[in-house]
Amino acid sequence: MKFVDIITSAIANSFRSKLRTGLTVIAIFIGAFTLTITSGIGTGVTSYINSQVSAIGAADVLTVSKTDDAAATESDGPAAYDPEKATTISLGNGSRPGSTIQALTDADLDTIKATSGILGVDPAVQVTPDFIEYDGSGKFELTVNAPATLTTADLAAGAQLDNESATDQLLLPTTYLDALGFSTPESAIGQTVSVGITDFAGTPQQVPATIVGVQNETILGAGAGLNQPLTDRLHDVELAGTPAGAPQSYASATARFDLDASDEEIVAIKADLADQGYASQTVADQIGSFETVINVIIGVLNAFAVIALIAAGFGIINTLLMSVQERTREIGLMKAMGMNGGRVYALFSTEAVFIGFLGSALGALVAVGVGSVISNILATTVFENLPGLQVVQFAPSSIAIIIGVVMLIAFLAGTLPARAAARQNPIDALRYE
């Protein structure tokens, strides 16, 4: 019997007992369906988290601030006055006081820049524009996200900010499109808007800026993005009129290191900064265990799918053992006609693999259809305020792996019945009633 004959015979034999095979396929279908859905959820949520994470930090940046000495002063009494120490900056809002952190000075920036492994340092300058206006469409309040050295926007159209450009660039949130009179994200690209800001003396000023991209609103930031030249220009306007010689201080700074730096090198840089009195964090440090929590949830869901597949595996064993028993005389006849044990083993193993393939392929196909429909519905209803979130996304490689794993489980489950069939004595099998 040729290999092609084994496959065709295995497929035909699988449907001899349609009810029994159908119930086994349903069990496999449930497991494959669940695995595919949970894999899709994991892919979708992870993709969204990655886009949100990139909105608050680039991979080659450390956020550096002064080490908090509050705990030491509480236990050891008040710290001695240091005339060189910069004034602390309070973090909070008008309705709720925030914590205080020690400000960085220009001397601190020089010290950080001189640290081994640091390629450059930019102070985290936070500007507070009053409004944005385009072509007389009206003035609208404008908030800005974290400095552009820290961000990689989730773009709906256009390009990322270029901090080396001589042009004052702005990323416009999608929520501003209708208000400013833009019909689509693409129509806003390249247009010039006016950013209103008040200087130190209280005089309103307007600074032109070019829209280079439109960014989706994220859960971590719904404001506009400004490149470094525009940030510096707005900051200069805010400082216009300040007394000459007034010291500059910053809440934090962004220190850039080599993107190809190893984990050990990054740890060494952070330790060096700590020895000099500075606290530093990478994006991964700031995000914490977000992805870990998601992976645990997906892992629990996958565990239920695996349980279903294990149950389906016993169904395959039962189905094929019954098939072996029912076809004992047939097996004896095949062996009497010269079919060796290996061919018999291959025949029953192929039946198991085919049943696994049938159940897993149907489960994955239905999961993709159902998951896509549900994801689209949720995106326009429950999660409409989270642009870019597709709860369920399917990667072809993941689906192929799931089908392959299920077929492997089916093959392993079919090993026992296949061996039982291969070991049949042809004389005893022909006498079997």
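This is a dialogue about how to read several features of a predicted model.

Biologist: Before I look at any detail, how many helices and strands are there in the protein chain, and what share of its residues count as buried?

Modeller: The protein chain has 15 helices and 13 strands, and 39% of its 433 residues count as buried. Among contacts with a separation of 6 or more, 78% join residues that are 24 or more positions apart.

Biologist: Since the model is predicted, which elements have the lowest and the highest mean pLDDT?

Modeller: pLDDT is the predictor's confidence in each residue, from 0 to 100. For the protein chain the mean is 80, with 82% of the residues at 70 or more. Among the elements, helix α3 (residues 70-76) has the lowest mean, 47, whereas helix α6 (residues 185-188) has the highest, 95. Over residues 70-75 the pLDDT stays under 50, and the model has 3 contacts beyond four places in sequence for that stretch. Residues 90-99 also have a pLDDT below 50, with 10 contacts in the model beyond near neighbours in sequence.

Biologist: How should I read the sides of a helix, and which residues of α8 are buried?

Modeller: An α-helix has 3.6 residues a turn, so residues three or four places apart point the same way. In α8, the buried residues are I266, I269 and L273. They lie on the same side of α8, because the arc that they cover around the axis is only 60°. On the face turned away from that buried side are the exposed residues D263, E264, V267 and D275. The cover over the buried residues of α8 includes β1 (61-66), α4 (106-113), β4 (118-123), β12 (253-257) and β13 (278-281).

Biologist: What span should α8 have, and what follows the helix?

Modeller: Helix α8 (residues 263-275) has 13 residues, which at 1.5 Å a residue should span 18 Å, and its end C-alpha atoms are 18 Å apart, in agreement with that value. Just after α8 comes G277, with a positive phi of about 95°.

Biologist: Where is D135 found, and what is the sign of its phi?

Modeller: Most residues other than glycine have a negative phi, and most peptide bonds are trans. D135, however, is a residue other than glycine with a positive phi, near 50°. D135 sits in the loop between β5 (131-133) and β6 (139-141), and its relative accessibility of 70% makes it count as exposed.

Biologist: Turning to α13, which of its residues are buried, and which exposed residues are on the face turned away from them?

Modeller: Helix α13 (residues 396-413) has 18 residues and reaches 26 Å from its first C-alpha to its last, close to the 26 Å expected at 1.5 Å a residue. Its buried residues are I399, I402, I403, V406, A410 and A413. The arc that they cover around the axis is only 95°, which means that they are on the same side of α13. The face turned away from this buried side carries I401 and L412, which are exposed.

Biologist: Which buried residues does α14 have?

Modeller: In helix α14 (residues 415-422) the buried residues are P417, A418, A421 and A422. They line one face of α14, because their arc, seen down the axis, is within 135°.

Biologist: What does S360 touch, and is S360 buried or exposed?

Modeller: S360 is in helix α12 and is buried, with a relative accessible area of 0%. Not counting residues up to four places away in sequence, S360 touches I28, A32, I403, V406 and M407. S360 is also 9.6 Å from L35, C-alpha to C-alpha, although the two are 325 residues apart in sequence. S375, too, is found in helix α12 (residues 341-380) and counts as buried, at 1% relative accessibility. Leaving aside neighbours within four places in sequence, S375 is in contact with Q390, V391 and V392.

Biologist: How many cavities of 30 Å³ or more does the structure hold, and which residues line the second largest?

Modeller: The structure holds 2 such cavities, and the second largest has about 30 Å³ of space. Its lining is made by I28, L309, A312, G313, I316, V406, I409 and A410. Helices α10 (290-326) and α13 each supply at least two of these lining residues, and α10 gives the most, with 4 residues.

Technical notes
Residues are numbered from 1 along each chain as its sequence is written. This is a predicted model: local features need pLDDT of at least 70, side-chain atom pairs count only at pLDDT 80 or more; totals for chains, interfaces and linings use all residues. Side-chain values use heavy atoms; hydrogens and water are left out. Helices (H or I, at least four residues) and strands (E, at least two) are DSSP runs, numbered from the N terminus. The expected span of a helix is 1.5 Å times one less than its number of residues. Buried means under 20% relative accessible area, exposed over 50%, partly exposed in between (1.4 Å probe, protein chains only). The arc is that of the directions from the helix axis to the C-beta atoms. Contact means heavy atoms within 4.5 Å. On a 1 Å grid over the protein atoms alone, a cavity is a set of points where a 1.4 Å probe fits but cannot get out, and a pocket is an open set with protein on both sides within 12 Å along at least five of seven lines; lining residues have an atom within 4 Å of a point. Grid points are joined across faces, edges and corners, and a volume is the space filled by probe spheres set on the points.
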